[in-house]
Amino acid sequence: MARRDLESGGGVTKNNRSAEENYSAPESSHVYDSETHWTSWLVPMFVVANIAVFVITMYINNCPRNNLRFQGRCVARFLGRFSFQPMQENPLLGPSSSTLTKMGALRWDNVVNRHQGWRLVTCIWLHAGVIHLLANMLSLVFIGIRLEQQFGFIKIGIIYLVSGFGGSVLSSLFIRDHISVGASGALFGLLGAMLSELITNWTIYSNKAMALITLLVIIVINLGIGILPHVDNFAHIGGFLVGLLLGFILLPRPQFGWLEQRRLPAGVQMKSKYKTHQYVLGVVSLILLIAGLSTALVMLFRGEKGYDHCHWCRYLTCVPTSKWECSNDS
């Protein structure tokens, strides 16, 4: 579910494979029976919205008419104006970089110098191609529907959108010469929320160690994929950190037996709805979230460069090897 980091002058790069399909959520090892089970409708709507935006993007792209820069025929020309850019420009079967920029792709110059801060949100709904879209939407369905069923559409919607925004902010701090699109920051936010939910509700899980190891392996694999060239791992990391903090804030479960206490006669002393560590984690996470996003936004709109404050951070998004080179902004 890697977010695409696209060269503003042309080629859209490799797609990665997501590891979420190997994940078995900790729900099977959960011993707490929640009183409310929600019907998932928001996540399916997110999927429909992403598909609709991609269709509109391809309509505007109109490869047969606008493919003047790259030699080569449009792919799937039978689709007419919905046909894809030549493979040498976009191997993910999608539009051109110029079309993505027109539709709201994330680009530092537009956000900071042209005061187009709305791109920090619109880029979440854009995808570089059919392959990119399918990978992200399958991940969203697999992860998001189960979370929405457990915690409701309001909490999961907040985590998804705010995590996507946080991923965009961190990406803009470090990446200036490329455009970036994709829902991966939001998806990593859901993964982060799953981890914090498991931690804050630790006592109500059985087989908790196995659930934690499984989730950590998936997170490490997906973040590890992000060190490949042309993958925007800063969006992944930013979304994950925001989702992790939001999980501590929004996803604590009441203590076992708390619901039954509400039926006790008046005057009987009741124990707190949440445990002390849940309150502490929630408050600390809220403070860190507000401080972190505020600081990052101030740095971004002041034109500061992330690498000036963290020289080694370039290795978080691409590690050069004998097989490939990295084109991180210096």
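In this predicted model, the side chain of serine 40 makes a polar contact with the side chain of glutamate 148, at 2.8 Å. Serine 40 lies in the loop between strand S1 (4-7) and H1. The relative accessibility of serine 40 is 16%, and the residue therefore counts as buried, the cut-off being under 20%. Leaving aside residues up to four places away in sequence, serine 40 touches Ile145, Glu148 and Gln149. Arginine 146 is 106 residues from serine 40 in sequence, yet the two C-alpha atoms are 7.9 Å apart in space. Arginine 146 belongs to helix H6. With a relative accessible area of 32%, arginine 146 is partly exposed, whereas serine 40 is buried.

Glutamate 148 also takes part in the packing of H6 against H7. The axes of these two helices are 7 Å apart and form an angle of about 140°. H6 is therefore oblique to H7, since only angles over 145 degrees count as roughly antiparallel. On the H6 side, the residues that meet the other helix are Leu140, Gly144, Leu147, Glu148 and Phe151. Their counterparts in H7 are Phe153, Lys155, Ile156 and Tyr160.

Several of these residues recur in the largest nonpolar core, which has 58 residues. The members that touch the most other members are Leu140, Leu147, Ile159, Tyr160, Leu190, Leu191 and Leu300. At least two residues of this core come from each of helix H1 (42-61), helix H4 (108-112), helix H6 (130-151), helix H7 (153-174), helix H8 (184-200), helix H9 (208-225), helix H10 (233-250) and helix H12 (276-301). Apart from this core lies another, of seven residues, including Leu92, Ala105, Leu126 and Ala128. Within the largest core, leucine 140 serves as an example: beyond residues up to four places away in sequence, leucine 140 touches Val43, Phe46, Val47, Ile145, Tyr160, Leu187 and Leu190.

Two polar residues of helix H1 were examined individually. Asparagine 50 is found in this helix and has a relative accessible area of 0%, so asparagine 50 is buried. The side chain of asparagine 50 reaches the backbone oxygen of phenylalanine 46 at 2.7 Å. Setting aside residues up to four places away in sequence, asparagine 50 touches Ile124, Trp125, His127, Leu133, Met137 and Tyr160. Tyr160 is also among the residues touched by leucine 140.

Threonine 57 is likewise placed in helix H1. Its relative accessibility is 2%, and threonine 57 therefore counts as buried. The contacts of threonine 57, without residues up to four places away in sequence, are with Pro95, Thr99, Leu100, Met103 and Leu126. Threonine 57 and leucine 126 are 69 residues apart in sequence, with a C-alpha to C-alpha distance of 8.2 Å. Leu126 is one of the residues of the seven-residue core.

Across the whole protein chain there are 13 helices and two strands. Of its 330 residues, 52% count as buried. Among contacts with a separation of 6 or more, 75% are between residues 24 or more positions apart. The unreviewed UniProt entry carries the annotation "transmembrane region" for residues 41-60, 124-145, 157-175, 181-202, 209-228, 234-252 and 279-301. Two of these spans were described further. Residues 209-228 are 85% helix and 0% strand, and the end C-alpha atoms lie 30 Å apart. For residues 234-252, the content is 89% helix and 0% strand, with the end C-alpha atoms 27 Å apart.

Backbone angles were also considered. Most residues other than glycine have a negative phi. Alanine 76 is not a glycine but has a positive phi of about 60°. Alanine 76 lies in the loop between helix H2 (63-66) and helix H3 (97-103). Histidine 115, also a residue other than glycine, has a positive phi near 55°. Histidine 115 is found in the loop between H4 and helix H5 (119-122). The relative accessible area of histidine 115 is 68%, so histidine 115 is exposed, the cut-off being over 50%.

Note on methods:
Residues are numbered from 1 along each chain as its sequence is written. This is a predicted model: local features need pLDDT of at least 70, side-chain atom pairs count only at pLDDT 80 or more; totals for chains, interfaces and linings use all residues. Side-chain values use heavy atoms; hydrogens and water are left out. A nonpolar core is a set of buried Ala, Val, Leu, Ile, Met, Phe, Trp, Tyr and Cys residues joined through side-chain atoms within 4.5 Å. Buried means under 20% relative accessible area, exposed over 50%, partly exposed in between (1.4 Å probe, protein chains only). Helices (H or I, at least four residues) and strands (E, at least two) are DSSP runs, numbered from the N terminus. Contact means heavy atoms within 4.5 Å. A polar contact is a pair of N or O atoms within 3.5 Å; within protein, one must be able to donate a hydrogen and the other to accept it, and residues adjacent in sequence count only if both atoms are side-chain atoms. UniProt positions are given in the numbering used here, feature names are shortened, and annotations may be inferred rather than shown by experiment. Axes are lines fitted to C-alpha atoms, for helices over the stretch in contact, and angles run from 0 to 180 degrees between N-to-C directions. Angles under 35 degrees count as roughly parallel, over 145 as roughly antiparallel, 65 to 115 as roughly perpendicular and the rest as oblique.
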